Amino acid sequence: MALNGKAPFSVAIIGAGPAGYYTAEALSADHLDIHVDIIDRLPTPYGLIRAGVAPDHQSIKNVSKRYATTNSRDNVHFIGNLELGRDISIQELKALYDVVILATGAPSDRILNIDGEHLENVYGSGKFVGWYNSHPDYKDLKPNLNTRSAAIIGNGNVAIDVARILAKTANEMADTDLADYAADRIHSAPLKDIYIIGRRGPLEAAFTPKELGELNKLDNCVPLVSNQHLPSEGKDEELTGCTKKNINLLRQISCNEPSLSKINLHLLFYRKPIAVEGPQSITSLSLEETELIEGKVSGTGNSTNLNCGLLVTCIGYKSSPIADVPYDTGQGIYANKDGHIEGNLYCVGWARRGPTGTIGTNKPDGKEIAAKILQEISPQRKQGRAGLEALISERDLHIVTFASWKKIDAAEQAAAQSGAPRVKFTNIEEMVEIAES
Ligand code: NAP
């Protein structure tokens, strides 16, 4: 029961990642009358911070401390291991809460739509990154890394993350939370060549200078790029911001020589994948040279074949459709107008705008949706958490609270060795058992 004996304004946020937490922060800060329940299908909070951000980018993961502070407020609760669609429907949540906000991100990989894409050892980055980051859904992926050559499609930061994690040595990864089973495969792989393939040029690349620059500082890997695709120096005054920094970095990289002893990381531009080949598992990738005509990618008809035994596509993500929620198939997001879906249903973050921006982009996004909700919704003061708890008990569901997540957190940290921050659990039953101990 909240202020003045009235039931609180109840909000359910689905998804305990950055978008969910920034929205909870904005809604709960100055409004003690608003009670926010952050619901996640996993027993663990923090979404992409835990399972998407690269394991060697621990400083980025520190933002979870801010989310824990939000969760320490009396009017914010985490309810883990409760899955929309399995344990509760969207209709039930909409009936229980004054407002329901989908902050479920974009967990499904976009596909290339080319022949052979479904051969073995071809993975979307959502799956591959989830695998090395101990996501329970992908712990059993078992990619075959017994290959000398790997290809990565896409010119965004995820492509760079994947290449860097494949290229770093065990020593370079010692103080990370890379999954042990992934470390075993990656660090015994005979990789000699990694290719990052962009269908457009360096001026159009989506990666940021910090991430590109990291490639030039690896112990056992030399990035390489041909001068041929870099803009001539005479046009530098036309370059600005990240693009200018990226081009400067690429020029430095273009001075590197191929190595006989280290992994060579080839940055290939103006090539689009046209077919994946192999009898059962990928053995090569067919690429067509491209040119830009009025900014659009156009194939030249010249194709080459790249031998590779592993392919990771890093070409973006889409939200997963939910029964009874309007979905925009083209954009891969929930159909919404400025975050409003319909009635008391809203969305935020990647579920609203697609997979763009950094973790920090979710902060203004969360504030904006919170302000919109406060302006648009006259709370009916529905049952909120009391009603949800009754339903949880009736269905005998084993949910995880924030206090019980802290037991999982402590056990993961206690298991860590040699400077690693934690050893993540990958098994949901095991996590729930610890939470309930
Ligand atoms: P992204 O930045 O949108 O890059 C996707 C790349 O895939 C683009 O180069 C795109 O090329 C290419 N692509 C799309 N469809 C393709 C196709 N059919 N064939 C060939 N190439 C295709 O996406 P992302 O790398 O997945 O990253 C998602 C977001 O997370 C981004 O905002 C990113 O900055 C952020 N992120 C940040 C960090 C960090 O800050 N450290 C780390 C990881 C991710 P076109 O440009 O030609 O479409």
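This is a short tour of the ligand site and one sheet in a predicted model.

**Stop one: the ligand.** Select the ligand and bring up its surroundings: 19 residues make up the shell, and Asn-155, Arg-199, Arg-200, Glu-211 and Gly-357 are the closest of them. Colour that shell by class and you should find 9 nonpolar, 6 polar and 4 charged residues. Next, highlight helix H7, residues 157-167, which gives the shell its largest share with 3 residues.

**Stop two: polar contacts.** Now pick out the oxygen atoms of the ligand. A polar side-chain atom of Arg-200 sits 2.8 Å from one ligand oxygen. Turn to the backbone for two further pairs: a polar backbone atom of Asn-155 is 2.9 Å from an oxygen of the ligand, and for Val-158 a backbone N or O atom is 3.1 Å from a ligand oxygen. With a surface switched on, look at the cover: on its own the ligand has 920 Å² of accessible area, and the protein covers 77% of that.

**Stop three: the sheet.** Leave the ligand and select the strands in the order E3-E2-E1-E4-E19-E18; these 6 form an open sheet with mixed pairing. At the edges, pairing on one side only, are E3 (76-79) and E18 (340-342). Going from one strand to the next, the twist averages 25°.

Zoom in on E1 (residues 9-14) and E2 (residues 34-39): these strands run parallel and are joined by 6 bridges. Here Ile-13 stands opposite Ile-38 of E2. Finally, add helix H1 (residues 18-28), which packs on the sheet and touches E1, E2, E3 and E4 (99-102). The direction of H1 makes about 170° with that of E2.

Key:
Residues numbered from 1 in each chain as written. Predicted model: local features only at pLDDT ≥ 70, side-chain atom pairs only at ≥ 80, totals over all residues. Heavy atoms only, no water. Near = heavy atom within 4 Å. Polar contact = N/O pair within 3.5 Å; in protein donor to acceptor, adjacent residues only side chain to side chain. Areas by Shrake-Rupley, 256 points an atom, 1.4 Å probe, with all protein chains shown as cover. Helix = DSSP H or I, 4+ residues; strand = E, 2+ residues; numbered from the N terminus. Nonpolar A, V, L, I, M, F, W, Y, C, P; charged D, E, K, R; others polar. Pairing = 2+ DSSP bridges. Axes fitted to C-alpha atoms, helices over the stretch in contact; angles between N-to-C directions. Contact = heavy atoms within 4.5 Å.
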